[in-house]
Amino acid sequence: MGKLKVLIKPLKGILISSGRRPLCILLCSVILWIISFYDPPDITDTGPADGDRVNLIGAVESMVITPSKYEMTVSDVVTKKGEKYCNRLKLYSSNNNDSKQEVKPLPPLKIGNTISFSGTVKSFRKPGNPGQFNEVSYYLALGIDARCFVSDVSVVSDDYDSISNALYEIRGLFRDAFYSLLPEKEAGIITAMVLGEKQGLDEDIKELYRENGIAHILAISGLHISMIGVGLFWLLRKTIFSLKVSAVMTGMILFLYGQLTGFPLATRRAFVMTLILLVAKIIGERFDRLNALSASAIIELIIHPESIFQSGFLLSYGTVLGISIFVSEFEMIRIGDEKSLRQAVFNIISGSLGVSLVTLPIIVQSYHEVPVYSVIVNTLLLPMMSLMLGMSLFGGGVFVIGMFAARFVFGIVYYILQAYQIVCEVVSSLPMSSIIVSHRSTISIVIYYLVLVIVSKRTKDDFKSFSVRMISAIILINVIIFLQPASHPGLTITNIDVGQGDCACIRYDDKVVLIDGGSSDVKEVAKYRIVPCLKFMGIDTIDYMIITHSDADHVNGFAEMLTKPDHFGIDIKNVVMPLITGVDKAYKEFEEKASKAGIERLIKISAGDRIDITDMELMCLHPSKGYAWEDVNDYSTVLRLQYGSFTGLFTGDLGFHGEEAIDGLLTDVDYLKVGHHGSKGSSSGTFLQRVRPEIAVASAGYKNRYHHPAKEAVERLENSGAKIYCTIDCGAVTTWTDGECIRVEKHLANS
């Protein structure tokens, strides 16, 4: 033992608090260096070419196989000629991409097999909108270069990794146990929590947990892995094993569990921190949680520096930091005996409060929505997490031995999950259960954490003084800094990047008008594109939701919002549709959805109708009453926006025929939403001579099959003198005006 202490003596600063906590200072230095100097590689430029049809060879690292679909990660990817193609690819069966190509059955596979596969490579795209998920940054942190949708897989070499494959088979046994003994929804939750597999996770549950501030339990909980590790060490120590043997066995078991789950971020953090704790036990030093947390973060950032930009990293470490500060740092505050129920409840509440306060800016910047009652929900539900995780692992283990015992264990797990859902549903129904908060500036985040650091300084106050300080701090850093509405002078038009579709957001005088919202190539476009962008801007109310016509690429996102009971947390006041005769089927279906959605009014407009918001006017130019249309694009609602001397024109999918119908109503405009995504059958020379736009914005999808915007339309727009912007290249395009001056900003600034 003496020799061991000498060898580990340099780690003493990690194990015990040295007052200054040198590793905390070092971590801050590492973070500042990464933010200031680290230039992450651009895998969109250096990775595989998008759309390539490939025949490649690689080694299987991991796989998740269901009866209908599969996904795998392969490494050391080379061509058939043996030339290096890339480091790692994520493989999906073609039917994951709604491909009509036949997917051949998979041969028997083992981890470590070398396989040959053919398919289509899809590179990762930078987010086209503010608030949109950044898949480039996410997959860069995972070390994955691209994804490939494959239709044919064959085994080249039967060699495999025996240990990794054994763990994979054990993982399959646990998964089978969960799905055999629990209903599908609950099984999906436990599989995500215990094994890290989220493929079967119910989307409504995922959203419900996120809205209540407990989405972190759907990832493998590093905090509770640490607790299980400590419990396992205590159990082994109380039996026949020595201190050193118990520590080593605990470390080995946690390592194998990490391998079993693929070692996600939270598990890596918990594993490193638990190892440091075990070393402290061996050499008889006091364990310091903040130093250990810093050591884990430093290791993670040295290996994956791009993780600092990931919300998963920030939330994982922020959660433990909040608990450390508000439990460990306030351990001197007593409201009862050390082992009393009152003191235990105080510790749970202070930990939940710490988690909420430390992670609030991260949640705001990631989701732009604050779960108001998250402290209450976490206080009620987190104490059951260790029990549920432990019982799930135990139940999966005894499943192979005795079905009766496993059913009993999972019955308890089921009712705990039901309690989780009930609590979340009740809290979600409360007034102001969540508040949409626009993106905050860096300086406001810095001020927030400075105030938090000052107020959380170790104290010997009594409970009353502590409460007063904390309430004052919460009011200061939340109300003054985070909950103040941002001012929006002037008028903005944001053409949201929805792929092959249209969506324009007009914002003026705290009123919001959305013109069209749909896409033909982005699944759940409201959930993944429109709503995140609106929340980024702090929009919680749509005053007028206008559809120009009934094509899916203009309305399916709106339909998605209307059919969701809470409209994604956004209040929709009025839905506006064109007044036409002989309505088509899609028009009727959308009208029915709008009628059932509980909105205040369903308005139908035709030429001459107006929407007035203070001194901004939207005038309908088309269709006129009784207009005889042949194609749905012909009745596209055309709206002229007037604000001061600024004029804008929104044309839906209007083509040459519709442009002729409004020829006499056209005047010069400053801004034009290009008709029909820039098809060659829109924006005629005659039309452009009438409107002479300074700014023309086309909305179209990356590598769309229609080749929008067409080169003929682009040439006509250029000849008219317009400055052309397209969402394919620019991402979201925001046009700002005060009625005189005009400024255009592109989300993808380098385009």
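Helices α21 and α22 are roughly parallel to each other in this predicted model. The reason is the angle: α21, residues 552-563, and α22, residues 585-596, pack at about 30°, and angles under 35 degrees count as roughly parallel, so the pair falls in that class. Their axes are 9 Å apart, and α21 passes α22 in a left-handed crossing.

Which residues in α21 and α22 meet? On the α21 side they are Val555, Phe558, Ala559, Leu562 and Thr563. On the α22 side they are Phe590, Lys593 and Ala594. By class, that contact has six nonpolar residues, one polar and one charged.

Now the sheet. It is open, has eight strands and shows mixed pairing. The order is β13-β12-β11-β10-β9-β8-β21-β22. At the edges stand β13, 601-605, and β22, 742-746. Each has a single partner strand, so one side of each is left without a neighbour in the sheet. Direction ignored, neighbouring strands are turned by 20° against each other on average.

Further in, β8, residues 491-495, and β21, residues 733-737, run antiparallel and are joined by five bridges. In that pair, Asn495 stands opposite Val733 of β21.

Then the helices on the sheet. Helix α20, residues 525-536, packs on it and touches β9 (501-508), β10 (511-519) and β11 (541-546). The direction of α20 makes about 160° with that of β10. Back to α21: this helix also packs on the sheet, touching β9, β10, β11 and β12, the last being 571-578. For α21, the direction makes about 115° with that of β10.

So what does α21 touch, to recap? α22, through the residues I listed, and four strands of the sheet, β9, β10, β11 and β12.

Methods: Residues are numbered from 1 along each chain as its sequence is written. This is a predicted model: local features need pLDDT of at least 70, side-chain atom pairs count only at pLDDT 80 or more; totals for chains, interfaces and linings use all residues. Side-chain values use heavy atoms; hydrogens and water are left out. Axes are lines fitted to C-alpha atoms, for helices over the stretch in contact, and angles run from 0 to 180 degrees between N-to-C directions. Helices (H or I, at least four residues) and strands (E, at least two) are DSSP runs, numbered from the N terminus. Angles under 35 degrees count as roughly parallel, over 145 as roughly antiparallel, 65 to 115 as roughly perpendicular and the rest as oblique. A crossing is left-handed if the near helix is turned anticlockwise from the far one by less than a right angle, and right-handed if clockwise. Contact means heavy atoms within 4.5 Å. Ala, Val, Leu, Ile, Met, Phe, Trp, Tyr, Cys and Pro count as nonpolar, Asp, Glu, Lys and Arg as charged, and the others, Gly among them, as polar. Two strands pair if DSSP finds at least two bridges between them.
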